[in-house]
Amino acid sequence: MSSPDPQVRAARNHSTSPAVRGPVVAVTGAASGVGALLTERLVASEEIKQVIAIDERRGECAAAQWHILDVRDPAIAEKLRGADVVVHLALDLDLETDPAARSAYNVRGTQTVLTAAAAAGVHRVVLCTSAMVYGALPDNELPLSEDAELRATAEATGVGDLLEVERLARRAPRAHPGLNVTVVRPGVLVGGTDTALTRYFESPRLLVVAGSRPAWQFCHVEDLCSALEYAVLEKVEGELAVGCDGWLEQEEVEELSGIRRMELPSAVALGAAARLHRIGLTPSPAGDLAYTMYPWVVSGSRLHDAGWRPQWTNEEVLAELLEEVSGRHTVVGRRLGRKDATAAGAAGATVALLGAAAVVRRARKARRRI
């Protein structure tokens, strides 16, 4: 007689285990990234009764109850029935995604999940944005409190979408009485992630804009997942910032990484970055540079007051990031092949930025010939 299917066996084991009084939690975007890590974490928790996993494909966590659908599909309301908490992690922040398509997915998906959760009787939704919503500005306090004004603009990758998600979060309890919304805002996220900020460390030189005041605060995905679990279990609520304790100055980052800097005037760096993005040579708009120029460090006081502590330090996360990006080569946000990277050589970012005008001129001439 053949042995039962592993998923059937897991379900039987789950049904015969002692009853758990904790919440039933639904996770969107559960098949990959932070969603997959959180799903595995919640399934293993003795404080969680059941995990409902939602994504456009099935993930590897056999102990979760899977539903395969797009989060923009109103049918998601039926899949959320019986859930106490929804953690919405189905966001597309890929640098290579078409910006209009990315915004349509992120905003519509969040709207649908919030409406569906209210219709299904869910009492709490946990959203994940980024500490980038505070904005990177020269007059930012170090660190920022969770209650600090959101002063970001839509000029950096995905930040406009995140600001709209924040707006939907604030409006949801008024539109759907009885629905509570918690927002979690991580610092520079590291651990299998690919963002303009992680690509910064793939460059042959660390671009430093003259007169800027960078301050680096990282957040490991494992710490983000533990913070999300705190929110799921209602150990903390409201608007939460999460990251490593403290921050690293640019000089410390350079010393720890062993990567030397290339310092450029602000007008040159920002102007060239804008031109390169405009003609499609780099996925990163000029607005991304602000987050490498000015501080946006957060205190995380609400999580700390609730007893949460990060397990990773900024130094440890930076070391992991450098290991992850080893062998990759990026200049002003654009990934290079091995041949291109060799050609870029030590001049790297400087050549790319100072040569931007020439690149633009060549591209324009090429278009005119067509």
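This is a short walk through a few local features of one structure. Keep in mind that the model is predicted.

Let's start with two helices. Helix α4 covers residues 99-119, and helix α5 covers residues 159-175. Their axes come within 10 Å of each other and cross at roughly 15°. Angles under 35 degrees count as roughly parallel. So α4 and α5 are roughly parallel to each other. Their crossing is right-handed.

Which residues of α4 and α5 make the contact? From α4, look for Arg102, Ser103, Asn106, Val107, Thr110, Gln111 and Leu114. From α5, the partners are Asp161, Glu164, Val165, Leu168 and Ala172. By class, this contact has five nonpolar residues, four polar ones and three charged ones.

Next, the backbone. Go to the loop between β5, residues 124-128, and α5. Pro143 is found there. The peptide bond leading from Leu142 into Pro143 is cis. Its omega is near -5°.

Now a second backbone feature, at Glu234. This residue is in the loop between α7, residues 221-232, and β11, residues 239-242. Its phi is near 60°. That is a positive value in a residue other than glycine. Is Glu234 buried or exposed? Neither label fits, because its relative accessible area is 40%, and Glu234 is partly exposed.

Compare that with another glutamate. Glu254 lies in helix α8, which covers residues 250-257. Buried means under 20% relative accessible area. Glu254 has 15% relative accessibility, so Glu254 counts as buried. What does Glu254 touch, leaving out residues up to four places away in sequence? The list is Leu206, Val208, Ile259 and Arg261.

Last stop, Asp245. Find this residue in the loop between β11 and β12, where β12 is residues 248-249. Asp245 is partly exposed, with a relative accessible area of 47%. Now look along the chain to Trp312. Asp245 and Trp312 are 67 residues apart in sequence. Their C-alpha atoms are separated by 8.6 Å.

Which residues is Asp245 in contact with, once neighbours within four places in sequence are set aside? They are His304, Pro310 and Asn314. One of them, His304, deserves a closer look. The side chain of Asp245 makes a polar contact with the side chain of His304, at 2.8 Å.

To recap, we saw α4 and α5 crossing at roughly 15°, and a cis peptide bond from Leu142 to Pro143. We also saw a positive phi at Glu234, a buried Glu254, and the polar contact between Asp245 and His304.

How values were computed: Residues numbered from 1 in each chain as written. Predicted model: local features only at pLDDT ≥ 70, side-chain atom pairs only at ≥ 80, totals over all residues. Heavy atoms only, no water. Axes fitted to C-alpha atoms, helices over the stretch in contact; angles between N-to-C directions. Helix = DSSP H or I, 4+ residues; strand = E, 2+ residues; numbered from the N terminus. Parallel < 35°, antiparallel > 145°, perpendicular 65-115°, else oblique. Left-handed = near helix turned anticlockwise from the far one by under 90°. Contact = heavy atoms within 4.5 Å. Nonpolar A, V, L, I, M, F, W, Y, C, P; charged D, E, K, R; others polar. Buried < 20%, exposed > 50% of the residue type's maximum accessible area, 1.4 Å probe, protein only. Polar contact = N/O pair within 3.5 Å; in protein donor to acceptor, adjacent residues only side chain to side chain.
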